[in-house]
Amino acid sequence: MDGKSILDYFNGRIAAEIRLPEAIDRKLLCPFQYFGVSDTVELSDLRWIRGGYDKHDLSNLYVLNRVVAERRADHVITALDHYVTDINEVKGLGFCVSVEHAQFMAEWFNGQGIPSMALVGNSSDEERYTAKARLVNGELRFIFVVDIYNEGVDIPEVNTVLFLRPTESLTIFLQQLGRGLRLAEGKECLTVLDFIGQANQNYNFEEKFAALLSNTTHSVQYELKNGFVSAPKGCYIQLEKKAAKAILDNIKHSFGLRTGLIGRIATFEEDSGLPLNLANFLEYYHLDIRAIYKKDSFSRLCVLAGVREDFAEAIEPILTKAFSRLCVMDSRRWIRFLVEYLPQLNELDFNTLSPIEKRMMQMLYVSVWGKAAEDWKSDEMFTVHIPGISFWWRWIS
C-alpha cells in the first residue's frame with residue numbers, strides 16, 4: 001500500500017509466479033466476460049494529484065452532484081439489465097470511491113428494487129459476516145464496498161463485479177477483479193462491468209488490459225481493434241463504441257505519441273514519488289522498453305521534457321537507432337560480458353580476450369554500427385568508435 005517494492009527483502013528474486021491469464025487457462029480461476037460500458041461521466045478535466053484522481057473530487061461528482069449521480073446510477077442499472085442474464089441470480093460486489101458513494105449506490109439500488117447494502121472499512125465484523133451470508137443465500141444482490149474486499153475475503157459465489165470508479169493501481173484492480181474469480185459450484189463465469197469515460201491523460205488504461213490478456217506480442221491497441229483475440233481461454237472482452245474510443249484516445253496521447261511520453265516524463269517524479277530514471281519509468285508504467293526507443297532515446301526525451309540538461313554527442317543519431325536493436329538482447333552470457341567489459345572499454349587490451357569474447361564484442365559493434373570491425377587496433381577505432389560505444393554504455397547505465 002505504500003507503493004514500495006517487497007523484492008528488496010528477497011534479493012530481487014521471485015521464487016515462482018503465476019499471472020492471471022495462466023491461472024484461468026489452467027482452470028485455477030473461473031473465466032470472465034468483461035464489458036467496458038460507456039460512462040455518463042467524463043473525468044478528463046478532474047484534478048489529478050500524485051498517482052491518481054483526487055478521491056474527494058470523485059466522491060463529490062458521484063454523490064453530491066445529484067443530477068450527475070442519479071443519472072449515472074440509473075445508467076448502471078440499465079447496463080445490468082442489458083448485460084446480466086438474470087438479475088435474480090446475481091451475487092455482486094460494487095467497488096466505490098468513498099463511504100458516501102457506497103451508501104448512495106446501495107440506497108439507489110434498494111429504491112429500484114435490487115436488494116443491496118453498503119459495507120465500509122469501519123463496518124463491524126458482525127456486519128461483514130452477515131453481509132456475506134445474505135449475499136450467498138440470495139437475500140442481497142449487491143454489496144457496495146470501499147477500502148475493503150480488495151483482498152483477504154473469500155466469497156467464491158460472487159459472479160458479478162461492478163467497477164464504479166477508476167482504479168489507478170493495477171494491483172488493486174486485479175485484487176478487486178479476483179474477488180469474483182474464485183471457482184464455485186454452478187458458477188460458469190464472472191461478469192465484469194467496468195464504467196469507462198473520457199479520462200485524465202495520466203490515467204493508464206493500457207496496463208489494465210495488458211494484464212487481462214494471455215501472452216501476446218501485439219499491442220493493446222491492436223487487440224482492441226481486433227476484438228481482444230488474446231483473451232484467456234473461455235474469456236470474452238467487449239467494449240462499447242464510446243468506451244473503446246476513450247481508451248484508444250487515452251493510449252494514443254499517453255504513450256502512443258512522442259508528445260505523450262514527454263508529458264509523462266515531465267511529471268513522473270510528481271506522479272510517482274520516485275526518482276526519474278529509465279528503470280523506474282518502465283516499471284511504474286509497465287512499459288516495454290521498445291515503446292521508448294521507437295520514439296527516441298530516453299535521455300533525449302528527458303531533455304525535451306525539461307527535466308535534464310541538454311547534451312551534444314556527434315554520434316547520437318547512430319546510437320539512437322541502435323537502441324531499438326540492443327534492447328532486445330536476450331543472451332545472458334552476452335549481457336554479463338558487456339556489463340563486465342564495457343565500463344573499462346577504453347583501457348581494454350583486446351589481445352587478452354578469448355575468441356568467443358572477441359566474437360561477442362564484434363556482435364556489439366555490428367549491432368551499434370551496422371558493420372563488422374575490421375581492425376580493433378586502428379586509430380579510427382579508438383578515436384571514433386570505441387569512445388562512442390563507451391558513451392552509449394554511460395548513457396544507458
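In the loop between α8 (220-225) and β9 (236-239) you will find F228, a good place to start exploring this predicted model. Phi of F228 is near 50°, a positive value in a residue other than glycine. That deserves a second look, because most residues other than glycine have a negative phi. Is F228 buried or exposed? Its relative accessibility is 5%, so F228 counts as buried, the cut-off for that being under 20%.

Now travel back towards the start of the chain, to the segment before α1 (20-25), where N11 lies. N11 also has a positive phi, near 55°, and is likewise a residue other than glycine. Its surroundings tell another story: with 70% relative accessibility, N11 counts as exposed, since exposed means over 50%.

Next, turn to a pair of helices. Two packed helices are described by the angle between their axes and the distance between the axes. For helix α2 (residues 55-64) and helix α3 (residues 66-83), the angle is about 75° and the axes are 5 Å apart. This makes α2 roughly perpendicular to α3. Where they meet, α2 contributes L61, Y62, V63 and L64, while α3 contributes R66, V68, A69 and R72.

Finally, step back to take in the whole protein. It has 18 helices and 9 strands, and its C-alpha atoms fill a box of roughly 85 × 40 × 40 Å along the principal axes. Of its 397 residues, 49% count as buried. Among contacts between residues at least 6 apart in sequence, 68% join residues at least 24 apart. The accessible surface comes to about 21,000 Å², with 49% of it belonging to carbon and sulfur atoms.

Conventions: Residues are numbered from 1 along each chain as its sequence is written. This is a predicted model: local features need pLDDT of at least 70, side-chain atom pairs count only at pLDDT 80 or more; totals for chains, interfaces and linings use all residues. Side-chain values use heavy atoms; hydrogens and water are left out. Helices (H or I, at least four residues) and strands (E, at least two) are DSSP runs, numbered from the N terminus. Buried means under 20% relative accessible area, exposed over 50%, partly exposed in between (1.4 Å probe, protein chains only). Contact means heavy atoms within 4.5 Å. Accessible areas come from the Shrake-Rupley method with a 1.4 Å probe; for residues, only the protein chains shown count as cover. Axes are lines fitted to C-alpha atoms, for helices over the stretch in contact, and angles run from 0 to 180 degrees between N-to-C directions. Angles under 35 degrees count as roughly parallel, over 145 as roughly antiparallel, 65 to 115 as roughly perpendicular and the rest as oblique.
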